[in-house]
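Dear colleague,

Please find the structure below, passed on to you for your studies. A short account of what was found in it follows.

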Amino acid sequence: MADYVLSIDQGTTSTRAILFTKQGTIHSQGQLEHEQIFPRAGWVEHDPAEIWNNTREVIGTAIGKGNASPSDIAAIGITNQRETAVVWDKTTGKAVYNAIVWQDTRTDKIVAQLGGDEGPEKYKSVCGLPLATYFAGPKVKWILDNVDGAREKAEAGDLLFGTTDSWVLWNLTGGVDGGVHVTDVTNASRTMLMDLQTLSWDEGIAADMGIPMSMLPEIKSCSEVYGHSTKLGTPIAGILGDQQAATFGQACFEKGMSKNTYGTGNFMLLNTGTEIVPSENGLLTTVCYKIGDQEAIYALEGSIAVTGSLVQWLRDNIGMISDAPQIEDLAKKVDDNGGCYVVPAFSGLFAPYWKDDARGAIVGLTRFVNKHHIARAALESTAFQTREVADAMNADSGVDLAELHVDGGMVANETLMQFQADILGVDVVRPEVAETTALGAAYAAGIAVGFWDGEQDVIDNWNEGKRWSPSMRDGERERLYRNWKKAVTKTFDWVDDDTEADEESAQDGADD
Ligand code: ADP
């Protein structure tokens, strides 16, 4: 009898492998960060070869530390950073270009052209998403348009596209020697290329983006056997995009249940059951999960591009802190933000604004403001952005949020969690196991092979860890929130034709 399920969490900043027990607790784990490559302003890349090497290494670490053998592992589940696009040559196993990461804004002109007179909502009724730089499809178009020889190879059937779930799965199952080219419905729903009703690729949208159908992975459910690890012989039986995996791991199986994950960015998902609910308030409509042959469950999603990555930016680019938890030490030295607001529109603004041309700003500065206020304002920006998304969800669903289930790296920050409860006016609840993303993918894989019986096991394993209740006066809450919204407007329309050096003038500078 196997004792564990292995979950691979291929995240934006790191790759983790975790062995989970039947009770949903962590037995052992390995984790490695990978390089964030910023070739130009607005561009964000990862090296797919580094990601695959790290994946192999962390699997070895988790199994080694856990003193486990392959026969102890019932199944492997994969969860991943969504929308990040990898294009590779199936004859060599090598990527033709770095992975273009979900935060990357280089496709702004492509998305404007695709929208044409119809604008950003052109494909929304089919795929649930507005045209934005965030999604994978336009990133694939960019690679085919810009990498020498890529389009010819793609048309000859030699290139494959996948989000990092597919890249890891293909490599785990043999790569050039018979690797399985599959994705799941949740990842497919973030490409702009999948029809939400039929759960199949939309040939018209793929044609508009100039993406040959032969590049696309087969779309499967989130919980079924896709293939076996060539190294371990273990079935790979679960795939969920990271946010959907966290929703699954938080046991949000009933219509109306929601969770919010605080990682590189923030992502709130609300289960809408089997109903596809179009958003009127800047949210995305997406697949929540699909177990085997069962009907697909859908979600409304509020995606925020920059939350935890603002903390990383203060650490790496500004040098204000030397590790992420220090932001709390700084912020705790003051009682409020001193009138200062940080709006981290580094990748434009995602939900509920969807403005590619916004850029970050710190506003409300006076001689009074010090670094403690800025640290606090940076943390508060995560909570304010979450409030905006929660308001949009209340408006779209017609049901007010009762309490917020949270997870992700930032929820270790208690100052932020208290401020979040204060600014939302509802309780914030953290589960005992905060690694819900990896756990969700483990559950999907374990359910497929009978290690767990079904959703009830997930519900039974979920336990409350800590709860924060609002303690701010209503008037103060609304004053702060009004000022936040004003601060956001100051970031609008920043990028115009003259803001960023074009390629030619950047090159002239380099030649001088
Ligand atoms: P991802 O899965 O997106 O890579 P994680 O869920 O691992 O992200 O969360 C990591 C993020 O959380 C990082 O951006 C980091 O800056 C932030 N973070 C981690 N610990 C803290 C903390 N104590 N306070 C604030 N932010 C934190």
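Helix H10, residues 308–316, supplies the largest share of the shell around the ligand, namely 4 residues. Please bear in mind that this is a predicted model.

The surroundings of the ligand comprise 16 residues, of which Thr-13, Thr-264, Gly-308, Gly-409 and Asn-413 come nearest. Sorted by class, the shell holds 10 polar residues, 5 nonpolar residues and 1 charged residue.

Several contacts involve oxygen atoms of the ligand. Gly-308 places a backbone N or O atom 2.9 Å from a ligand oxygen. In the case of Arg-16, an N or O atom of the side chain is 3.3 Å from an oxygen atom of the ligand. For Gln-312, the distance between a polar side-chain atom and an oxygen atom of the ligand is 3.4 Å. On its own the ligand has 580 Å² of accessible area, and the protein covers 83% of this.

A second point concerns two helices. How do H12 and H16 lie relative to each other? Helix H12 (residues 371–397) packs against helix H16 (residues 474–489) at an angle of about 95 degrees, and their axes are 11 Å apart. Angles of 65 to 115 degrees count as roughly perpendicular, and the two helices are therefore roughly perpendicular to each other.

On the H12 side, the contact is made by Ser-381, Phe-384, Gln-385, Arg-387, Glu-388 and Asp-391. H16 contributes Arg-477, Glu-478, Leu-480, Tyr-481, Trp-484, Lys-485 and Val-488. By class, this contact has 6 charged, 5 nonpolar and 2 polar residues.

Yours sincerely

Note on methods
Residues numbered from 1 in each chain as written. Predicted model: local features only at pLDDT ≥ 70, side-chain atom pairs only at ≥ 80, totals over all residues. Heavy atoms only, no water. Near = heavy atom within 4 Å. Polar contact = N/O pair within 3.5 Å; in protein donor to acceptor, adjacent residues only side chain to side chain. Areas by Shrake-Rupley, 256 points an atom, 1.4 Å probe, with all protein chains shown as cover. Nonpolar A, V, L, I, M, F, W, Y, C, P; charged D, E, K, R; others polar. Axes fitted to C-alpha atoms, helices over the stretch in contact; angles between N-to-C directions. Parallel < 35°, antiparallel > 145°, perpendicular 65-115°, else oblique. Contact = heavy atoms within 4.5 Å.
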